[in-house]
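Welcome to a short tour of a protein chain and its ligand. Have the model open beside you, and we will take the ligand's surroundings and then the domains.

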Amino acid sequence: MPQGANTGLVGTSIPDETGTQVVISFDRMKEVFNVDIENRSLRVSAGFHLSEVNERLSEQGLHFPIDFGSDPQIGGMIATNTGGGRFLRYGDVRRHVLGLDIVTAIGELAPLGGPVRKANIGTDWKQLAIGSGADFGIITQAVLNLEPIARQQSAALVVPPNNAAIFPLLQALKQMAGPMLSAFEFMSQNAMNAAFDHVPTLHNPFADGTVPQIALLIELTHPNQPVPWEIDLDEVLQQILMTMWENGDVAIKDALFGRPDDMWALRHALSEDVRTAGKLYAFDLGFRRPDVLAFRRAIQDELPDFAPRITICDFGHVGDSGLHFNLAGSYETHSDEFEQGLGDWVV
Ligand SMILES: Cc1cc2nc3c(=O)[nH]c(=O)nc-3n(C[C@H](O)[C@H](O)[C@H](O)COP(=O)(O)OP(=O)(O)OC[C@H]3O[C@@H](n4cnc5c(N)ncnc54)[C@H](O)[C@@H]3O)c2cc1C
């Protein structure tokens, strides 16, 4: 089985215990790295890590705009159609793959698509290979769309009073900030506590260190196209939130401003650090937008009856209705509850 950087959270690049599977590593598949500045595209070997790609591209002011807390390989990202924290702005990997080379199970090289953007000569076969693991073959190279690096970035941690205030806030931000809105991330108190407990160096920005029930990481980035005037994005974000708050259009309990990198450090720490909250049932869920918070509410209401000592440690890309929904309990004292009660329930 192909194995990229092995950052997948569902174990599909890890061989089973039969001893009959072979791992194909892409660590040394790094011969091709051809940037086409005019076409704003990159032909790249599957074994490059995302961080390597973006480091090499930074000199050109370009990047592959899928961003999240791990460092996968390009082949693995395409095989899993990765989303990420800026899905709201850039979409998923599928949206940025112009072409693919795959090697099929019978050893044939199949070039699917290429650097031409307006290519409507027939079926777009590469889409079959994106997000379907290695079902149609092994990905060896890709032609990727690149985006200019955002010139300005501003972020805030916004505390809504309750779940119901989240989507009105998102709608209002979309109206006021338009395409500058690049992230709208949800973090629950339990998930943030796990991160603060596990990483003592992580800055807790909340007043008196009191972590709220819910916090939203909201980010604006400057439009990609160069503009003839300069804008101060921190001012824009503060003004938008202040206007909403004063008008009473949406409910905001608190808003903290600071270095975007610090806020993203907290958000990115959650994926790894919820593992320290105990034994974990981890789900990566996607919803129709109105259903994501209704689902959360329903589980919050029902869970105590099934598994009173299990906590919900969730977080995610709620702006796109994606939720990393984690249920955590202690290994020692709660394993029966997990295996018998909750285990049957979630199955
Ligand atoms: C901290 C953290 C945060 C994350 N956040 C997100 C997130 O926000 N959004 C998201 O979508 N994912 C997220 N992930 C999941 C993960 O990073 C992605 O699934 C990743 O893109 C997988 O790439 P990889 O190179 O690690 O592949 P692997 O994990 O090695 O493999 C994943 C799958 O792809 C197949 N594969 C790998 N390389 C190839 C190839 N060259 N050809 C064909 N098949 C191949 C493997 O067989 C396997 O089925 C996160 C993971 C971590 C650890």
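## What counts as near

Before we list neighbours, one cut-off is useful: a residue is near a molecule if its C-beta atom, placed from the backbone, lies within 6 Å of it. Please also keep in mind that this is a predicted model.

## Around the ligand

By that cut-off, the ligand is surrounded by 32 residues. Gly4, Gly8, Pro72, Gly75 and Gly76 are the closest of them. If you sort the shell by class, you will find 18 polar residues, 13 nonpolar ones and one that is charged.

Which elements give two or more residues to this shell? They are the strands β1 (2–3) and β8 (138–145), together with the helices α2 (74–80) and α8 (260–273). Helix α2 gives the most, with five residues.

## Two domains

Now step back to the whole chain. Residues 2–148 make up domain 1, and residues 150–347 make up domain 2. Between the C-alpha centres of the two domains there are 28 Å.

## Where the domains touch

The contact between them draws on 10 residues of domain 1 and 15 residues of domain 2. On the domain 1 side, at least two residues each come from α3 (87–90) and β9 (147–148). Of these, α3 has the largest share of that side, three residues.

What is the make-up of the side of domain 1 that touches domain 2, by class? This side has four nonpolar, three polar and three charged residues.

Terms used:
Residues are numbered from 1 along each chain as its sequence is written. This is a predicted model: local features need pLDDT of at least 70, side-chain atom pairs count only at pLDDT 80 or more; totals for chains, interfaces and linings use all residues. Helices (H or I, at least four residues) and strands (E, at least two) are DSSP runs, numbered from the N terminus. Ala, Val, Leu, Ile, Met, Phe, Trp, Tyr, Cys and Pro count as nonpolar, Asp, Glu, Lys and Arg as charged, and the others, Gly among them, as polar. Domain bounds come from an automatic or database domain assignment. Two residues are in contact if their C-beta atoms, placed from the backbone, lie within 7 Å.
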